[in-house]
Amino acid sequence: MRIGTNVAAIVANNALQKSQNNLSTSIERLSSGYKINGSKDDAAGCAISEKMRAQIRGLSQAQNNTADGVSVLNTAEGAITEIQSMLTRLKELSVQAANDVNSDDEREAIQKEIEQINNEIDRISDQTEFNTQSLINGNLSRRVYSDLQGVNQLSVSDSYTAGVYGITVTEDARQAIAVGAGSITMSSTASITKEQEGTISINGYKISISEGDTLDKVMGKIIDGVNITGGSAFTVKDLNNGTDYAGYVPTADYAGSTLVIMTNQYGSDQKMNITCDNAELADILGMPQAATQDGIYVEGSDVKAEIATGDDGKRIGFADSAILSTKGTVITVTDVNNKEFSMDVPGNAAGTVFDDSNNDGQSAAGAGTARTISQEVTDVGTMSIHVGANQDQVIVIDIPAITTYSLGTEHMNVMTQYTASRAISTVDEAINKTNEIRSRIGAYENRFDHTTNNLEVSSENLTKSLSTMIDTDMSEEMTTYTSETVLTQAATSILAQANERPSQVLQLLQ
């Protein structure tokens with residue numbers, strides 16, 4: 001028997017320490033509810049669980065992001081719904097104005113309402129915002145940069161990848177232009193006589209020239225009347241064509257000048273019929289053809305263009321299946337799968353010089369240089385809604401501009417039966433375009449609904465996995481706790497007895 005070292009007590013103490021450590025761990029798990037309370041409990045499991053926690057938190061925030069995206073779309077759709085209502089009213093007004101039972105005054109009242117509606121469409125487009133970000137004025141549309149100032153991208157499908165796309169303009173679009181066959185013969189001091197008074201009709205809109213009207217007053221009436229019908233009237237000293245303002249330089253000196261009347265808009269659908277019921281008045285204005293049976297009839301011309309090719313002979317950006325079409329100053333390239341690339345080019349892109357010297361109302365294209373326009377499509381400008389817990393898990397929202405310019409209603413004119421009839425077609429196209437944009441927003445909303453459902457399921461399943469990994473199984477842990485409690489009590493009792501054993505040596509020393 002030894003008293004220097006109590007080996008039995010040491011053994012009992014070690015067992016007691018182990019039981020107490022295990023009991024402390026069990027108590028920690030039971031009180032916290034987690035079986036991993038530190039990296040020492042499960043080093044690999046701790047790392048995995050923390051990564052899963054971060055993923056779950058990310059998914060939770062992604063659900064909030066998705067809800068914000070839906071709010072953005074709801075705000076935009078609400079504004080578009082009101083614009084659709086106004087377009088419906090424009091359709092009603094244009095159909096009403098196309099009826100020839102309306103007087104000029106009645107059509108003027110209709111025109112004023114149309115202008116107010118257009119102003120309100122632009123106001124809604126400009127001021128519809130979510131968290132200070134404009135939604136339907138083109139702010140959320142893909143950015144397209146042009147190397148020619150004045151070119152505006154009207155639409156570019158999502159399926160067009162970022163890159164450079166080339167269009168070559170070979171001949172500019174032009175307005176419908178009527179040029180006088182001679183100069184104005186009336187002097188600035190003379191007045192219209194009884195024999196010279198009459199009515200000038202511009203597409204059916206009547207301009208009355210009365211006895212006693214001076215040249216300034218006659219020109220004022222013509223200029224105002226043509227403006228009302230959506231055109232411009234001015235005089236020029238010569239017919240040397242340039243590229244701006246239909247190629248002419250207006251002059252304020254009416255006497256001895258040539259009268260020019262033109263539409264403000266470009267394209268083959270721009271038509272103008274000028275008649276005059278007094279041949280003497282027509283001669284004074286230098287437009288004797290206006291007094292003939294058919295009067296003066298002129299049409300505009302559409303821009304002429306083609307898809308540009310590079311030095312290697314291949315199309316720049318566009319596939320071989322792409323087809324180009326034009327209308328007015330708008331160039332549209334369509335491809336398979338409903339891909340559309342549409343742009344509006346200024347009327348002097350190629351610098352075409354038109355020749356009106358024959359004065360028969362039909363312009364001939366003269367000098368000009370074909371101009372290749374490069375449109376760089378980027379992925380910039382759209383709104384990215386982050387709908388995942390990891391990098392680049394986004395849904396991109398692209399909402400085209402909904403303005404009177406993009407819809408084509410900016411210059412709607414119903415002051416004549418012809419322009420009112422064209423306005424009906426214009427409004428129909430605007431309604432179709434707005435419907436397409438609203439359908440796109442609806443598709444986004446449905447996509448976000450599916451995304452939300454997926455996020456909820458993913459978060460649920462990931463939370464289950466995390467729970468399996470870190471949560472304490474209380475029934476199992478209570479078994480461990482009970483066992484360790486008993487072992488601790490037993491080890492304590494044995495340690496006490498082991499500490500008493502050295503005292504037995506005293507019996508040998510007696």
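**Figure 1. Strand contributions to the lining of the largest cavity in the predicted model.** Strand S10 (258–266) and S11 each supply at least two residues of the lining of the largest cavity; helices (H or I, at least four residues) and strands (E, at least two) are DSSP runs, numbered from the N terminus. With 3 residues, S11 gives the most to this lining. The model is predicted: local features need pLDDT of at least 70, side-chain atom pairs count only at pLDDT 80 or more, and totals for chains, interfaces and linings use all residues. Residues are numbered from 1 along each chain as its sequence is written, and side-chain values use heavy atoms, with hydrogens and water left out.

**Figure 2. Volume and composition of the largest cavity.** A cavity is a set of points, on a 1 Å grid over the protein atoms alone, where a 1.4 Å probe fits but cannot get out; lining residues have an atom within 4 Å of a point. Grid points are joined across faces, edges and corners, and a volume is the space filled by probe spheres set on the points. By this rule there are 2 cavities of 30 Å³ or more, and the largest has a volume of about 70 Å³. Its lining includes Ile200, Ile222, Leu259, Ile261, Ile274, Thr275 and Cys276. The lining residues divide into 10 nonpolar, 1 polar and no charged, where Ala, Val, Leu, Ile, Met, Phe, Trp, Tyr, Cys and Pro count as nonpolar, Asp, Glu, Lys and Arg as charged, and the others, Gly among them, as polar.

**Figure 3. Strand S7 and its pairing partners.** Because 4 of the 5 residues of S7 (residues 198–202) are buried, this strand is largely enclosed by the rest of the structure; buried means under 20% relative accessible area, exposed over 50%, partly exposed in between (1.4 Å probe, protein chains only). Two strands pair if DSSP finds at least two bridges between them. S7 pairs in the antiparallel sense with S8 (residues 205–209) over 5 bridges, and Gly198 stands opposite Ile209 in S8. These two strands form a hairpin with 2 residues between them, and Asn203 in the turn has a positive phi of about 50°. S7 also pairs with S11 (residues 271–276), in the antiparallel sense over 3 bridges; Cys276 is the bridge partner of Ile200 there.

**Figure 4. Surroundings of Gln111 in helix H3.** Gln111, found in H3 (residues 104–127), is buried, with a relative accessible area of 7%. Its side chain reaches the backbone oxygen of Met412 at 2.9 Å, while the backbone nitrogen of Val414 lies 2.8 Å from a polar atom of the Gln111 side chain.

Methods
Polar contact = N/O pair within 3.5 Å; in protein donor to acceptor, adjacent residues only side chain to side chain. 1 Å grid on protein atoms, 1.4 Å probe; cavity = no way out; pocket = protein on both sides within 12 Å on 5 of 7 lines; lining within 4 Å.
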